[in-house]
Amino acid sequence: MARAVTNRRKLIVTVAAWAVGIAIFFPILWTVILSFKSEGDAIKTPLEVLSSAWTFESYATVQERSNYVRHFWNSVVISLGSTLLGLIIAIPAAWAMAFVPGKQTKNVLMWMLSTKMLPPVGVLVPIYLIFRDVGLLDTKTGLVIVLTLINLPIIVWMLYTYFKEIPGEILEAARMDGASLRNELIHVLTPMAVPGIASTVLLNIILAWNEAFWTLNLTAAKAAPLTAFIASYSSPEGLFYAKLSAASTMAIAPILIMGWFSQKQLVRGLTFGAVK
Amino acid sequence: MATKASRAAARVMISPAVLLLLGWMIVPLALTLYFSFLRYNLLMPGMEEFTGWDNYSYFLSDPAFTAALTNTLLLVGGVLLITTVGGVLLGLLLDQPFWGQGIVRILVIAPFFVMPTVSALVWKNMFMNPVNGLFAHAFKALGLAPYDFLSQAPLLSIIGIVSWQWLPFATLILLTALQSLDQDQLEAAEMDGASALSRFWYIMLPHLARSITVVILIQTIFLLSVFAEILVTTNGGPGTASTNLTYLIYMQSLLQFDVGMGSAGGVVAIILANIVAIFLMRMIGKNLEA
Amino acid sequence: AQSTTITVATVNNGDMIRMQGLMDAFNEAHPDITVEWVTLEENVLRQRVTQDVATKGGQFDVMTIGTYEVPIWGERGWLVSLDDLPESYDVDDILPAIRGGLTVDGSLYAAPFYGESSMVMYRRDLMEAAGMEMPDAPTWEFIKEAAAAMTDKGNEVYGICLRGKAGWGENMAFLSAMANSYGARWFDMDWKPQFDSEEWKATLTDYLELMNEYGPPGASSNGFNENLALFQSGKCGMWIDATVAASFVTNPDESTVADQVGFALAPDNGLGKRGNWLWAWNLGIPAGTQNEEAAKTFVEWATSKEYTALVAEKEGWANVPPGTRQSLYDNQEYLDAAPFAQMTLESINAADPQNPTVDDVPYVGVQFVAIPEFQGIGTAVGQQFSAALAGQVSAEQALSMAQQLTEREMTRAGYIK
Amino acid sequence: MGRITLDKVTKSFGEVNVIPPLDLTIEDGEFVVFVGPSGCGKSTLLRLIAGLEDVSSGQIRIDGKDATDMPPAKRGLAMVFQSYALYPHMSVRKNIAFPMKMAGLPQDEQDRRINAAASALNLTAYLDRRPGQLSGGQRQRVAIGRAIVREPSAFLFDEPLSNLDAALRVGMRLEIMELHKRLDTTMIYVTHDQVEAMTMADKIVVLQAGYIEQVGSPLELYHSPRNEFVAGFIGSPKMNLLRGEVAAQHGAATIGVRPEHLAVSTSEGQWPARVGVAEHLGSDTFLHVHDHGFNDAPMTVRVDGEMPVKHGDRIFLTPDPSKIHRFDKQGLRI
Amino acid sequence: MGRITLDKVTKSFGEVNVIPPLDLTIEDGEFVVFVGPSGCGKSTLLRLIAGLEDVSSGQIRIDGKDATDMPPAKRGLAMVFQSYALYPHMSVRKNIAFPMKMAGLPQDEQDRRINAAASALNLTAYLDRRPGQLSGGQRQRVAIGRAIVREPSAFLFDEPLSNLDAALRVGMRLEIMELHKRLDTTMIYVTHDQVEAMTMADKIVVLQAGYIEQVGSPLELYHSPRNEFVAGFIGSPKMNLLRGEVAAQHGAATIGVRPEHLAVSTSEGQWPARVGVAEHLGSDTFLHVHDHGFNDAPMTVRVDGEMPVKHGDRIFLTPDPSKIHRFDKQGLRI
Ligand SMILES: Nc1ncnc2c1ncn2[C@@H]1O[C@H](COP(=O)(O)OP(=O)(O)OP(=O)(O)O)[C@@H](O)[C@H]1O
Ligand SMILES: Nc1ncnc2c1ncn2[C@@H]1O[C@H](COP(=O)(O)OP(=O)(O)OP(=O)(O)O)[C@@H](O)[C@H]1O
Ligand SMILES: [Mg+2]
Ligand SMILES: [Mg+2]
C-alpha cells in the first residue's frame, strides 16, 4: 500500500527489526568481542567480559602458532578456482538447457541436483584411493576438482534459471548478425547474464570456502585451507575461548566482508528463479 | 532456435557437465557398491573377502540405524519447519519500511557466511556450555539452574544451531519473493474487503509457495548431509540421540575404518536420499513449472 | 645435501604446539630439512593418519600416534622400525612401561614424545575447608566422601569432575581404567564381553552416582579439555585425569587455582589394581615415506634428551614433555620445578598394559583393548554410558546395550565363534 | 447510490504536489472518463477515490457521506486494475468468490452470484481454470466479474484495456458499455485511448498536471474545446493548429482545423500544398501535406478512400469555415 | 539483390503441422506484409526465411541460390525483432557495430557505416548510451541501424511496432516507409495491425492456418477480396457479411457490405433497422445496428460525425450497389 506509513508504526517495526537483527547477529558479535579478551576474562560472566580489558593477545598467539596466510591463500585459490572451473563447464550446459530445451532437460537438471545428495562420508574412501593413485592428495588442484564437482549442480541450476530470463530473441539476433556459437556465448550471453553470474560466483565461493569435509580429508599441509586451520583450534588443552574466537574471526571475516559488500547480487542470485 | 545445428551444439555443450557429474557419481558409487559386498577393514589389510549381504544386514539391524533414520528426518524436518516459518515471519517484518533496513539486512544475512564448524564451535562453547556459556550465565542471572542443552536436548540443540545458519537463507529468498508480489493484488484484495490476516493467508502465502519449495529443496540437499555440527558438538550422543545417517556412516566407516560396512551404509543413505529426492522433485516439478 | 620437506601430523595438545615454537633450534641444526606441520584435533587427527597409513596415501612423513595404534600398526608393518637409533639417543632411558607398549616383537616402532597416566588432582584449600585430608593412595570410598563434602553447587563448586563425553579415548578411557580397579574387564579369555558382570554394574553405578550428585552440569559432553577449563577456573574439587594436566593446573598464567592443587594416585578398591591408565603420544614414521632419513632425524631430535633440555631452557622445567624418560625424573631441577613429577612417575609405573585387570584377559592395554575393532566398539559403548550420564537411559539399560552391541561386533569380527 | 463528490482534494507525494486543489462531482449512474497525458494524475485521482491513497487535504463524499477516512473495503466501490490483479493461484471461481468470502456471504448466495456473473460475462466454461490459462480478454472479464459480484455503488477502471490487442479492445469496449447500460451503476474509467474516451463516456474529464482542463460530453469537447490543449488532445488524427497570418485573418492567435474538415481539390482551393506520404486505409486516405506555407509541421488531411492522390501531387485545401476553432494568445477558445 | 522464393516449404513442430506446402515469391525491392490471425504462422514463416528454424521440407532460394541449409548469418538477411533484441550491455555504437565486428570488417569501415546509419536514423546524439537509456522509438531505430549496416539483401520485421504506444507507432511507421523508399531493399514485415498493413505494403500476404489466402496490393485486397476470410480480415471496421434471402437476391450465398458503403436515412431506404450503441468519435460515428432482419449479429455502419442519431432510433440503410461483394457457398468471390 502506498499510503503514508505512520511514524509510530515505522518506529515499532524499526525496534522489532533491529532486535531480531541483533539477536541473529549476536553469536558472531560475541565471538568477535571474545577474540579481543584474554583467556581468563573470556569465560567470565557477560558483564565482566564487557568491562574487562581489550587485548590483541589471542590474535598474536594464533598468528604465531599457525600459518594463517597460507591457509587463507589456499582458501582463496580453492574457492576461486573451483568457481571459475565450474563456470566454464556450467555456462555451456546452462545455455543448452535454457535455450535448446528438450524433453529431458528438466530431468537432467533434477538428476544433477540429486548427485548432491550423495553422502560424502560414504564415498570418502574410494575418492581417497583414486586421489592417491593419481597424485592429487594434498594439492590445490585436487580440491578445486572436487569442489567444482560438488557445486556444479548448483551452479548449473542457478545459471539455468538466470539464462531462462534472457529473451531468446537476443541470441537469435546475434546469430542473424553473424555471431558463431562461441561469439554468441562470449559476447552476448555472458555479459548479459553478468548479474546472474555474479551471484552464482558469490554463492559458490561461500559454499567452497565453508566446505569442511573434503577440504579436511584430502589435504595435509600444502593445500590445507581455513577449515583445516580451524580444526586445530577446536578443542585444545586449557582455556581456549579467546583463541578459538580469534581463529574463528579470522576464518570467517574474509567471506563475511565479501558477502556484505556484495549482498545485493547475492540476494538476487539466491532466489534460484524462485522469484519472478 | 530449434534448428538441427543448434540442437547438435546443445548436446556438445551440455556433455562436459553431464559426463563429469556422471563420472563423479558412477565411479565412487561403483566402488562403494563393490566395497559394500566385501569384508574390508582398512586396519586389516589383506583380509578382504566377499561377504554377500553381511554388511547390509549388520548395518540395517544395528539399533543405531533406526535411531539415525529418525534423527535424520527430525533434523531435516525440524530445521525446515523453523527456517521456513521463521523466514516467512522475518520476511514479513523486514518487508515493512523501517529505519536502517540495509544494516539490519546485513545483520540477518551474516550467519549464512559462517563455516558450519565455526558456528558449531561457537554455539557449543560460548553459548550452550552449561558452565561458562552465555545461556548458563543468563539462567544463573535469572536464578535458574543452568540447562545443559547438548546433553539434555542434543538433537534440538543441533536443530537450533543448524536453523541459525539457514534462517538467513530462507529469510532472504522469502523476503525477495514478498517484494516481488504485485502490489495491485494486495490492493485488489484490500478493495475486496480482506483483512491484513486474510491478505497474508490468501494472497501472500500462496505467492510464496514457489519460493518455499525452492527453500525446501536446497536446504534438504544440504541438511541431509549435516555432519560437522554433530561432530563438533555432541559426537552423535549422548547414546545415539543426535546421530544422523551421515554421522552413523562416519562412525562405521571412518572411526572403525570398516570400509565394507561404511559402504553398505553409504549405499543405504544414497537410496534414502534418492527417495527423498524423488519426493522433492515431484513437489518441485509441480511448483517450479508454473 | 639438498633440502627435504617433511610433513608432520600432530595433535593440538600444548606440548606439541610448544614444539612448533621451538623449531628454530632444529632448523639451525638441520638446515636441509624443512618441517611442515599439520595440527589437528585428536579425533580428526586419528582418523586422518589412520586412513593415510592404511591406504598408503603418503601425505605424512611423521605421525603423532598413541599407544593404541603403535602395536597394531607395527604388527602390520606400517611403521618404520626405530631399532637403529644412535647410542646418544639412549633408548634404554625410556620408561619400561612406555617402551613396552611401543615394542612389537622386540622392535621399537615409535618414539614416545610424552607419556601419561592418570591421577587425582584436587584442591587443597577446599579439602581443608571440608576438614579432610587426601591420602597419597585414596580409595573410591574416600573419593565419594570427599566429593560430597566439597560440593557447593550454589557457588558453582562441584566436588568431582570426570570425563563424560562419549569416545573410546574420552569417557571410556576413564571408565575402563576405573573398571579395572573394580575388578571388571572388557572380555574374558574367550573374548566374551563382560558388561553383564556385577563388577561393571558397580563401576557404572558408582560413576553415575558420583557425577549426578557431585559433578558439574553438562558432564556428558565434558572431555579432557572441558574439565581442564572447569578445574582451572576453580569449579572442581577433584579431577581424575591425565597426569599431563598437572602442569596446566599448576601454571599460574592459566589457572586461577595454581597454588592450591594437590595430587594423589588414582583410587582403588583394594583389589590390587588402581584406576589409572597408561598413554603416550608418540612419533612414528609410516613405512614407504619418501623422506625416511629426514623423518628419523626429526623424530630423534623431538624425543631426545636435548629437546627436553631445550624446552627447559626456553620455557622452564615445568613445561618439558613428561613421562618418557627415567633421566628426567632423576633430574633434581625438574623435580623442584614440577611438584607433580613424583606422582606422575609412580602412576606410570603402577600401570601394566600386559596385565591390566584383576582377572586374566586375552588383550593388551589398560584403558583400551589393542585390537582394531576397539575404536568403534569403544566409542559405541561410550555413547551408551554417556547417554546414561545424561539420564536418557538407566545404568542397566546402558550396560545391556553395551553388552549386546559389543557381542554383535565381536561376532562379526570373528572373535566369538 | 453512487454519487461521488471531491471537495478541494489535494495530494502530494512528499514534496511533489501531484493534485492541486480539485473539485469534481460525479453523478449517480454516470460513465465518466478521465483522460490526459501520461503522469497527469489520472491513476492517482482514481486511487484517492478508491481509498488506496490518503488525500493530503480536502474531502471525498460518497452518496453524501464523508468517506475521506474510510478504508477502501468500506467505500462500497469496486476497482478493475490495468493488470487485472487477479489472484494467480485461485481458480476463476475462487477469484470471483473472494470478495464475497471476505464479506462472509453464505455459500449458496455466493454460488448464485458467481453463476449470474459468469453467464453475464460468458465465463461459465472457464470457471475452473486459473488466470494463467486464460486469454487477455477472458482475464479482463474475470476482473470485472470479481467487481460485479460485490454489487458496488461505483466501478473504477484504471486503463483496463491497455494490455489487450486492438481487436479485443473493440470487443471489450462494447461489453463494458453494455454492462453500464444494464447495471446503470456509476463508472469511472481512466484511459489514454482517444477512441475509448469518445465512445464510452457520458462525461470526459481532461486532466493536465493534476488540473482539470475541461469537463463535458465527448461531442462538447470535440466541437468546443475550451483551449488549445483540449483541442489538440481530443480528436484523431490531431487537429491541425495554425499560427501567424492565417490565424490573424480569422482574428485569433491560433486557429485549429481538424483533418476531416479540410476539403481537397486538385484544381482550386484556398491553400495550395503538396502531398507527402499518403496513407490508404481503403475506407479513408490520410494525406500528410507539406509546403502549405504556414508552419513547418505537415498538416494532416482526411480524404475519401477513393480519391486518386499520391506522393508529390499538388493539391489545394479549403477549410470548412464553420469548423474553424479560434484561440487567443493564452490558448483559450475565443 | 533480394529476391526470395519459397518452394513447397512446410514446417511442423513435432506432430503439429504449422505450415502446409507453401509457395511464395518476393521480388527484389518489394515491401511485403504478412497479416493473419494470431497463431496463423506469420512469425514461423519469417523465421524459416531467416534460418532461425529449419524447414521440414521444401526449398528456400535467395537470389536464385539454394539457402535451405544455410545458417542464418550466411543468408545476408537482417531481422528486426518485436522486442528489438538489442544487446543491453553494449552502447548503441557497439550494438550497431556488432554484426560488422562479427564479419571482421576493418575499424574505419565500421566507423563510416555507423556514422552513416546514425545520421540517417537521427541517432548520432545517442551513440554512447545503452539501450536501457533510450525511449521505445529510439530503440527501434537502433535495431534498424544494426540491420542497415550489414547492407542486407532483405530486411525481416516481426511486429516491430507492437510494443510502442499509438502516437509513436504512427511516426515510426512513416520512418520505415521512408527508409524503404531510400534503400529500395526488399522488406518483409509481419504485423497484425490493419493500418500498418494497408499503408506500408506494396503487397500483402494474408495467411490463415499456414495457408496463403490471398496475395495482392492493399487496395486490391480492399476492393476485391478473394474470399470471405480476406473480406472480413481487411478493412476496419469489419465488412458486414449477410446471408440468406438478401444474399440470394444478389445471386450469392453471402454478400458483404463495408460499413462505409452503407447510406443511412431516417426516413427511407432499402433496409429498415434500429440503432444500438452509437460510437461518436467526433469525425465519424459508428452505429451498431440491430433488428435489420438478416442475421443476429449487429451490423456496423459508418456515418458522418454530425449525424444526429442515438440509441434506439429507427433508421434505413441503403448499400452502394457497386460496392457489394458477393461470395459463393465455399466463401469464394463470385
Ligand atoms: N507513490 C508515488 N510517489 C511519488 N510520486 C508518485 C507516486 N505515485 C505517482 N507519483 C507521481 O504522480 C504523478 C501522477 O502519477 P499517475 O500515476 O497518477 O499518472 P497517470 O496519469 O496515471 O499516468 P499514466 O497515464 O502514465 O498511467 C506522476 O508524476 C508520478 O510520478
Ligand atoms: N517451437 C514451437 N513448438 C511448437 N509449436 C510452435 C512453436 N512455435 C510456434 N508454434 C505454433 O505454430 C503456430 C504458428 O505460430 P507463429 O508464432 O508463427 O504464429 P504468428 O502468426 O506469429 O502469431 P502471432 O500473431 O500471435 O505472433 C502456432 O499455433 C504456435 O502455437
Ligand atoms: Mg496511470
Ligand atoms: Mg508472431
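## Close-up views

**Close-up of ligand 2 and its neighbours in chain E.** Sorted by class, the shell around ligand 2 has three nonpolar, five polar and two charged residues. (Ala, Val, Leu, Ile, Met, Phe, Trp, Tyr, Cys and Pro count as nonpolar, Asp, Glu, Lys and Arg as charged, and the others, Gly among them, as polar.) This is a predicted model, in which local features need pLDDT of at least 70 and side-chain atom pairs count only at pLDDT 80 or more, while totals for chains, interfaces and linings use all residues. Residues are numbered from 1 along each chain as its sequence is written, chains are lettered from A and ligands numbered from 1 in the order in which they are written, and side-chain values use heavy atoms, with hydrogens and water left out.

So who's in that shell? Look for Phe13(E), Val18(E), Ser38(E), Gly39(E), Cys40(E), Gly41(E), Lys42(E), Ser43(E), Thr44(E) and Glu159(E); a residue makes the list if one of its heavy atoms lies within 4 Å of the ligand. Helix H1 (residues 42–50) of chain E gives the most, with three residues. (Helices, H or I with at least four residues, and strands, E with at least two, are DSSP runs numbered from the N terminus.)

**Polar contacts of ligand 2.** A polar contact here is a pair of N or O atoms within 3.5 Å. Ser38(E) puts a polar side-chain atom 2.5 Å from an oxygen atom of ligand 2. The backbone joins in too: a polar backbone atom of Gly39(E) is 2.8 Å from a ligand oxygen, and a backbone N or O atom of Gly41(E) lies 3.0 Å from one. On its own, ligand 2 has 630 Å² of accessible area, and the protein covers 57% of that (Shrake-Rupley method, 1.4 Å probe).

**Close-up of ligand 1 in chain D.** The residues to find around ligand 1 are Phe13(D), Val18(D), Ser38(D), Gly39(D), Cys40(D), Gly41(D), Lys42(D), Ser43(D), Thr44(D) and Glu159(D). By class, that's three nonpolar, five polar and two charged residues. Helix H1 (residues 42–50) of chain D supplies the largest share, three residues. Now check the side chains: polar atoms of Ser38(D) and Lys42(D) sit 2.5 Å and 2.8 Å from an oxygen atom of ligand 1, and for Glu159(D) the distance is 3.4 Å. The protein covers 58% of the 640 Å² of accessible area that ligand 1 has on its own.

One shell member, Cys40(D), is buried at 3% relative accessibility. (Buried means under 20% relative accessible area, exposed over 50%, and partly exposed in between, with a 1.4 Å probe and protein chains only.)

**The disulfide of chain C.** A disulfide is a covalent bond between the sulfur atoms of two cysteines; here the cut-off is a pair of cysteine sulfur atoms within 2.5 Å. How many disulfides does the structure hold over all chains? Just one, and it joins Cys161(C) to Cys236(C), with the sulfurs 2.0 Å apart. Cys161(C) belongs to strand S7 (residues 158–161) and Cys236(C) to strand S8 (residues 236–242) of chain C, so the pair ties together parts that are 75 residues apart in sequence. The torsion about the S-S bond is about -90°, so this disulfide is left-handed. Are its two ends buried or exposed? Cys161(C) is buried, at 0% relative accessible area, and Cys236(C) is buried at 0% as well.

**Backbone oddities in chains C, D and E.** Most residues other than glycine have a negative phi, and most peptide bonds are trans. Asp90(C), not a glycine, has a positive phi of about 60°. Find it in the loop between helix H4 (69–75) and helix H5 (96–101) of chain C, partly exposed at 27% relative accessibility. Asp184(D) also has a positive phi, near 60°. It's in the loop between helix H5 (166–183) and strand S8 (186–190) of chain D, and with a relative accessible area of 53% Asp184(D) is exposed. Over in chain E, the peptide bond from Ser236(E) to Pro237(E) is cis, with omega near -5°. Pro237(E) sits in the loop between helix H8 (228–233) and strand S11 (240–243).

**The helices of chain A.** Chain A has 15 helices and zero strands. Of its 276 residues, 66% are buried.

Technical notes. A polar contact is a pair of N or O atoms within 3.5 Å; within protein, one must be able to donate a hydrogen and the other to accept it, and residues adjacent in sequence count only if both atoms are side-chain atoms.
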